[in-house]
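Student: I would like a close look at the largest pocket of this structure. What lines the pocket, and which salt bridges are found in the structure?

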Amino acid sequence: MSVIYDIFKDDSVKELEDYFMEFLNLKKKENIEIELRVGQIINTITNKRIEIPTNHPVFFCLNNNIRKYQNMEFRSGVDQKIFNSIFNKIDQGKNRYKLIETTVYSHAQGRYIYDDKGLIECHRKERLSHIEIYFPNKLYDVRISISQEIPIPFKKLTAEQRKLTHERRHKRKRIEMDGFYFDFTIINQNRPDMCYEIEVECKNLDFDKNLFMQIVYGIS
């Protein structure tokens, strides 16, 4: 039995699995990324997490990056205590992780990523669809995004296209288990805008769908 399945097992998940996978509508495209992030769905008027009077998870489904729900946005990131708690639950004190440190620069055409040896990759993301799930009985919500990563030939970019708009320094602990990457990332460590992010990425399109749903419902 999968270690991850044992950690997140929830028998109530199965009834929503078929609907969820139908919405994702996975197609055989190149460079597809399926990524889960933990955070909160925020009411942009009150600047607080949304409140819906229900005991059941609420799905907000968005296609082609078109937001149908006004005055709402998903904000990635968790409290440091929760960040450490979820990491410890998955790592189980076995130091399963690989430490990855990168700097991500955004520009008009996409983003490029550097490590201490130089440029790793340059690409832009085209978001195909995503689901935001509000969990009324938990502290955090999740967003599952399906994107296509399109490589950009860095040398062909003009000076204007290379102009930076944003910089983020990532210190990431990555745990690879059961066909998934569990990424625990400290953004801009020791800066005023430091934050803690939890992401789960499917390694390929042949991932275990039921196990992924267990993670969706259990990780927040």
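Tutor: The accessible surface of the protein chain comes to about 12,400 Å², and 45% of that area belongs to carbon and sulfur atoms. The model is predicted. Its chain has 220 residues, of which 44% count as buried. The secondary structure consists of 4 helices and 11 strands. Among contacts with a separation of 6 or more, 69% are between residues 24 or more positions apart.

Now the pocket itself. The volume of the largest pocket is about 1,100 Å³. Its lining has 39 residues, and those closest to the centre are Glu33, Glu35, Arg37, Arg111 and Lys125. By class, the lining divides into 20 charged, 11 polar and 8 nonpolar residues.

Several strands contribute to this lining. At least two lining residues come from each of S1 (32–43), S5 (98–107), S6 (110–115), S7 (118–134), S8 (141–151), S9 (164–177), S10 (180–187) and S11 (195–202). The strand that gives the most is S9, with 7 residues.

Next, the charge pairing. The whole structure holds 13 salt bridges. One network of salt bridges links Glu35, Arg37, Arg168, Arg172, Arg174, Asp183, Glu197 and Glu199. Two members of that network, Glu35 and Arg37, are also among the residues closest to the pocket centre.

Strand S9 also takes part in a salt bridge between glutamate 176 and lysine 203, with the closest N and O atoms 2.4 Å apart. Glutamate 176 lies in S9 and lysine 203 in the loop between S11 and helix H4 (209–218), so this pair ties together parts that are 27 residues apart in sequence. Both ends are partly exposed: lysine 203 has a relative accessible area of 38%, and glutamate 176 has 46%.

Strand S8 holds one end of another salt bridge, formed by aspartate 141 and arginine 49, where the closest N and O atoms are 2.4 Å apart. Arginine 49 belongs to strand S2 (residues 48–49) and aspartate 141 to S8, so that distant parts of the chain, 92 residues apart, are linked. Aspartate 141 counts as buried because its relative accessibility is 0%, and the cut-off for buried is under 20%.

A further salt bridge joins the side chains of glutamate 73 and arginine 75, at 2.6 Å from N to O. Here glutamate 73 is partly exposed at 31% relative accessibility, and arginine 75 is partly exposed at 32%.

Methods
Residues are numbered from 1 along each chain as its sequence is written. This is a predicted model: local features need pLDDT of at least 70, side-chain atom pairs count only at pLDDT 80 or more; totals for chains, interfaces and linings use all residues. Side-chain values use heavy atoms; hydrogens and water are left out. On a 1 Å grid over the protein atoms alone, a cavity is a set of points where a 1.4 Å probe fits but cannot get out, and a pocket is an open set with protein on both sides within 12 Å along at least five of seven lines; lining residues have an atom within 4 Å of a point. Grid points are joined across faces, edges and corners, and a volume is the space filled by probe spheres set on the points. Ala, Val, Leu, Ile, Met, Phe, Trp, Tyr, Cys and Pro count as nonpolar, Asp, Glu, Lys and Arg as charged, and the others, Gly among them, as polar. Buried means under 20% relative accessible area, exposed over 50%, partly exposed in between (1.4 Å probe, protein chains only). Contact means heavy atoms within 4.5 Å. Accessible areas come from the Shrake-Rupley method with a 1.4 Å probe; for residues, only the protein chains shown count as cover. A salt bridge is a side-chain nitrogen of Lys or Arg within 4 Å of a carboxyl oxygen of Asp or Glu.
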